[in-house]
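Q: I would like to learn how to read the features of a protein model. Could we proceed from charged pairs to sheets, helices and the core?

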Amino acid sequence: MQLNHQDHELVLHFDDNFQQSLSYEFLRVYSPNEQTSAQGKAKPPVSHKKMVKLMAIEPVGKHGFRLAFDDQHSAIYPHLLLKEYAHNRNRLWHEYVQALEITGHSREAMIDIKQV
């Protein structure tokens, strides 16, 4: 696992020599904590995370890694989930972009402009 801050990506290396890069935005919007609500229903897509930064990676024993983002969000990403994301990155990203279009949400960061 290697951070590439210049390209805003986390590079994952697997035992079978498979390697894949996942953008910080991808990891943030596909956070395990964001996929379902407390009632088990699908949530609307996470939006406005195009500029999110991955601030820290912490190993969590055999459970995986806790990823902490600059928007104060953190979650534990199990090893198998990261591998699934790596192998299905293109399909998942396409589904995410489609969900944004359908719901009218945006990837762009929200900026509050205040007149002084």
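A: Let us begin with one charged pair in this predicted model. The side chains of Lys83 and Asp16 form a salt bridge, with an N to O distance of 3.9 Å. Because Lys83 belongs to helix 2 and Asp16 to the loop between strand 2 and strand 3, the pair ties together parts that are 67 residues apart in sequence.

Q: Are Lys83 and Asp16 buried or exposed?
A: Lys83 counts as partly exposed, at 29% relative accessibility. Asp16 is also partly exposed, with a relative accessible area of 46%.

Q: How many salt bridges are there by this rule?
A: Side chains of opposite charge can pair when their charged atoms come close. In this model the count comes to 6 salt bridges. Among them is the pair of Asp71 and Arg28, at 2.8 Å from N to O. This pair links distant parts of the chain, with Asp71 in the loop between strand 5 and strand 6 and Arg28 in helix 1, 43 residues apart. Arg28 is buried, with a relative accessible area of 5%, whereas Asp71 is partly exposed at 24%.

Q: What order do the strands of the open sheet have, and is the pairing parallel or antiparallel?
A: Strands of a sheet pair through backbone hydrogen bonds, either parallel or antiparallel. Here an open sheet of 3 strands has the order 1-2-3, with antiparallel pairing. Strand 1 (2–4) and strand 3 stand at the edges with a single partner strand each, so one side of each has no neighbour in the sheet. On average, neighbouring strands of this sheet are turned by 25 degrees against each other, direction ignored. Strand 2 and strand 3 are joined by 5 bridges, and Val11 has Ser21 in strand 3 as its bridge partner. Helix 2 packs on the sheet, touching strand 2 and strand 3, and its direction makes about 90 degrees with that of strand 3.

Q: Which residues of helix 2 are buried?
A: An α-helix has 3.6 residues a turn, so residues three or four places apart point the same way. In helix 2 (residues 79–87), the buried residues are Leu81, Leu82, Tyr85 and Ala86. They line one face of the helix, because they fall within an arc of 140 degrees when seen down its axis.

Q: Which residues touch the most other members of the largest nonpolar core?
A: In soluble globular proteins, nonpolar side chains tend to be buried together. The largest nonpolar core holds 24 residues, and those touching the most other members are Leu12, Leu27, Tyr30, Leu67, Phe69, Tyr77 and Tyr85. Strand 2, helix 1, strand 5, strand 6, helix 2 and helix 3 each give two or more residues to this core.

Technical notes: Residues are numbered from 1 along each chain as its sequence is written. This is a predicted model: local features need pLDDT of at least 70, side-chain atom pairs count only at pLDDT 80 or more; totals for chains, interfaces and linings use all residues. Side-chain values use heavy atoms; hydrogens and water are left out. Buried means under 20% relative accessible area, exposed over 50%, partly exposed in between (1.4 Å probe, protein chains only). Helices (H or I, at least four residues) and strands (E, at least two) are DSSP runs, numbered from the N terminus. The arc is that of the directions from the helix axis to the C-beta atoms. A nonpolar core is a set of buried Ala, Val, Leu, Ile, Met, Phe, Trp, Tyr and Cys residues joined through side-chain atoms within 4.5 Å. Two strands pair if DSSP finds at least two bridges between them. Axes are lines fitted to C-alpha atoms, for helices over the stretch in contact, and angles run from 0 to 180 degrees between N-to-C directions. Contact means heavy atoms within 4.5 Å. A salt bridge is a side-chain nitrogen of Lys or Arg within 4 Å of a carboxyl oxygen of Asp or Glu.
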